[in-house]
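Welcome, and thank you for taking a look at this structure. Please have the sequence and the model open beside you, and we will walk through the helices together.

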Amino acid sequence: MTTIKITPYDVADYLTTPEDCAAYLDACIAESDGDPAFIAKAIGDIARAKGMTEVARDAGMGRESLYKALSGERNPEFGTILKVLKALGMQLHAAPVTV
């Protein structure tokens, strides 16, 4: 019998460039079906990749509050999302839906 070794996967380990982070967030938004908690969790993954303490400081929030807001178990306020995106060096853009 062959033994299979399983290692934990954390997407934050692979979000190493601003381009990676933007592509990841775009993909998550596209797959979210409008679920704000799913999008918040994706932003949380990016924040963990950058360093939650630094992001919390730059967003003017407490680290624990940031963890809770971006846990994927809540729907954070839009203002929180905007502050965190700014702290991550990201911008929110809109584009028309293509059919």
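How are α2 and α3 oriented to each other: roughly parallel, roughly antiparallel or roughly perpendicular? Before we answer, please keep in mind that this is a predicted model. The axes of α2 and helix α3, which covers residues 52–59, cross at roughly 110° and come within 6 Å. Angles of 65 to 115 degrees count as roughly perpendicular, and α2 and α3 are therefore roughly perpendicular to each other. On the α2 side of this meeting you will find Gly 44, Ala 47, Arg 48 and Lys 50, while α3 brings Met 52, Glu 54, Val 55 and Asp 58.

Now let us turn to α1, which runs over residues 18–31. How far apart should the ends of this helix be? With 14 residues at 1.5 Å a residue, helix α1 should span 20 Å, and its end C-alpha atoms are indeed 20 Å apart, so the two values agree. Within α1, the buried residues are Cys 21, Tyr 24, Leu 25 and Cys 28. Because these residues cover an arc of only 95° around the axis, they sit on the same side of α1. The face turned away from that buried side carries Glu 19, Asp 26 and Ala 30, which are exposed. Just beyond the helix, α1 is followed by Asp 33, whose phi is positive, near 55°.

What do the buried residues of α1 pack against? Their partners are α2, at residues 36–50, and α5. Let us take α2 here. Two packed helices are described by the angle between their axes and the distance between the axes. For α1 and α2, the angle is about 165° and the axes are 9 Å apart. Angles over 145 degrees count as roughly antiparallel, and α1 and α2 are therefore roughly antiparallel to each other. The crossing of α1 past α2 is right-handed. From α1, the residues taking part are Cys 21, Tyr 24, Leu 25, Cys 28, Ile 29 and Glu 31, and they meet Phe 38, Ile 39, Ala 42, Ile 43, Asp 45 and Ile 46 in α2.

One residue in that group deserves a visit of its own. Asp 45 lies in helix α2. Is Asp 45 buried or exposed? Its relative accessibility is 5%, so Asp 45 counts as buried. Setting aside neighbours within four places in sequence, Asp 45 is in contact with Val 11, Ala 12, Leu 15 and Tyr 24.

Our last stop is helix α5, at residues 78–87. Here Thr 80, Ile 81, Val 84, Leu 85 and Ala 87 are buried. Seen down the axis of α5, these buried residues fall within an arc of 160°, so they line one face of the helix. On the other side, Phe 78 and Lys 86 are exposed. Which helices help to cover the buried residues of α5? The cover includes α1, α2, α3 and α4, the last of these at residues 63–69.

Thr 80 gives us a closer view of this helix. With a relative accessible area of 15%, Thr 80 is buried, since buried means under 20%. Apart from neighbours within four places in sequence, Thr 80 is in contact with Met 61 and Ala 69. Just after α5, Gly 89 takes a positive phi of about 75°.

How values were computed
Residues numbered from 1 in each chain as written. Predicted model: local features only at pLDDT ≥ 70, side-chain atom pairs only at ≥ 80, totals over all residues. Heavy atoms only, no water. Helix = DSSP H or I, 4+ residues; strand = E, 2+ residues; numbered from the N terminus. Buried < 20%, exposed > 50% of the residue type's maximum accessible area, 1.4 Å probe, protein only. Contact = heavy atoms within 4.5 Å. Expected span 1.5 Å × (residues − 1). Arc of directions from axis to C-beta. Axes fitted to C-alpha atoms, helices over the stretch in contact; angles between N-to-C directions. Parallel < 35°, antiparallel > 145°, perpendicular 65-115°, else oblique. Left-handed = near helix turned anticlockwise from the far one by under 90°.
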